[in-house]
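Please open the model in your viewer and keep the selection panel at hand. The stops below are meant to be followed in order.

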Amino acid sequence: MKIIVTEDYRSLSAKAFEIMKMAVNENPYAVLGLATGTTPLGLYRSMTEDHRENRTSYAHIRAVNLDEYIGLSQDHPQSYAYFMRENLFKGLDIEAENTYIENGTAQNAEAECERYNKLLENLPRDIQLLGLGSNGHIAFNEPGTPFGSDTHVVDLTPNTIKDNARLFKDISEVPNRAYTMGIRQIMQAKQVLILASGENKADAVYNTVCGGVTEEVPASVLQLHPNCILIADREAAGKL
Ligand code: GLP
């Protein structure tokens, strides 16, 4: 794993943008694996600015997201589908039909996981962007998730529900289940870019990089990926 430590969140986002832009420039038909959360917001802002100012085109890009809350429709303001439209897609020329995410209101959860697994099979990711949960989770793969997992339904841990409550009016509104791409599928991406910012990620960054490769720290699996870059700002890298 290549580790880049930046001075602050701004330079973390700038570095991440450089890498993402390279992937898009190299292959205008690239499949981007994308993530939600507050960490990629600076990168997404740079991507939309760059599209506006330099006309970098996403007309042929496909975007595949990691995860979605169960029970929230794609128009629900806290759904990840909504997040992606608001924070990225509406600022690019990407076609809506080229953006993919699990359906949080699917009738049959098993069939929905199957559908997503097939879709991932057909859309191998050129680059997979990841945030990092404070407990070391990636996407919604919580500690203990088998490294061989595919898309599945997760019962979110109390820690993750608490972390994510800041985006809801009240913690009671945070769904307690979600769909997530599995760890095996995250590892299939040609390149992985994981971002971590802030002091509350310092333990997770330390365990991801310096601890053993263990299912108790899902992100530690990335030590085994042949082309993974972790960008951490100084605070998140504080325990390295
Ligand atoms: C959620 C998402 C993850 C994300 C994590 C960290 O749990 N499912 O994909 O990486 O939050 O979020 P943040 O970047 O806001 O710290």
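The tour goes from the nonpolar cores to three individual residues and then to two pockets.

Before selecting anything, note that this is a predicted model, in which local features need pLDDT of at least 70 and side-chain atom pairs count only at pLDDT 80 or more, while totals for chains, interfaces and linings use all residues. Residues are numbered from 1 along each chain as its sequence is written, and side-chain values use heavy atoms, with hydrogens and water left out.

**The cores**

Select Leu32 and Leu34, the residues with the most contacts inside the largest nonpolar core, which has 59 residues. A nonpolar core here is a set of buried Ala, Val, Leu, Ile, Met, Phe, Trp, Tyr and Cys residues joined through side-chain atoms within 4.5 Å, where buried means under 20% relative accessible area, exposed over 50% and partly exposed in between (1.4 Å probe, protein chains only). Add helix α1 (residues 9-26), which gives the most to this core, with seven residues; helices (H or I, at least four residues) and strands (E, at least two) are DSSP runs, numbered from the N terminus. A second, separate core of 13 residues includes Tyr80, Ala81, Ile161 and Ala165.

Return to Leu34 and show its contacts (heavy atoms within 4.5 Å): leaving out residues up to four places away in sequence, Leu34 touches, among others, Met20, Tyr44, Leu66, Phe89 and Leu129.

**Leu66, Thr180 and Thr160**

Select Leu66 next, in the loop between β3 and β4 (67-69). Leu66 counts as buried because its relative accessibility is 2%. Beyond its neighbours within four places in sequence, Leu66 is in contact with residues including Leu34, Glu102, Ala139, Thr180 and Ile186. A distance drawn from Leu66 to Ile101, C-alpha to C-alpha, should read 7.0 Å, although the two are 35 residues apart in sequence.

From Leu66, move to Thr180 in strand β8 (residues 177-180), which counts as buried because its relative accessibility is 0%. A polar atom of the Thr180 side chain lies 3.0 Å from the backbone nitrogen of Phe140. Not counting residues up to four places away in sequence, Thr180 also touches Asp67, Asn141, Asp150 and His152, among others.

Thr160, in helix α5, is the next selection, and at 1% relative accessibility Thr160 counts as buried. Its side chain makes a polar contact with the side chain of Glu142 (2.7 Å); such a contact is a pair of N or O atoms within 3.5 Å, and within protein one must be able to donate a hydrogen and the other to accept it, with residues adjacent in sequence counting only if both atoms are side-chain atoms. Outside its neighbours within four places in sequence, Thr160 is in contact with Asn135, His137, Phe140 and Glu142.

**The pockets**

Now select Gly37, Leu132, Asn164, Arg166 and Lys201, the closest to the centre of the largest pocket among the 24 residues that line it. The elements giving two or more residues to this lining are α3 (80-87) and α5 (158-164). A pocket, on a 1 Å grid over the protein atoms alone, is an open set of points where a 1.4 Å probe fits, with protein on both sides within 12 Å along at least five of seven lines, and lining residues have an atom within 4 Å of a point.

Finish with Gln74, Ala81, Arg85, Thr99 and Ile101, the closest to the centre of the second largest pocket among its 19 lining residues. α3 gives the most to this lining, with three residues.
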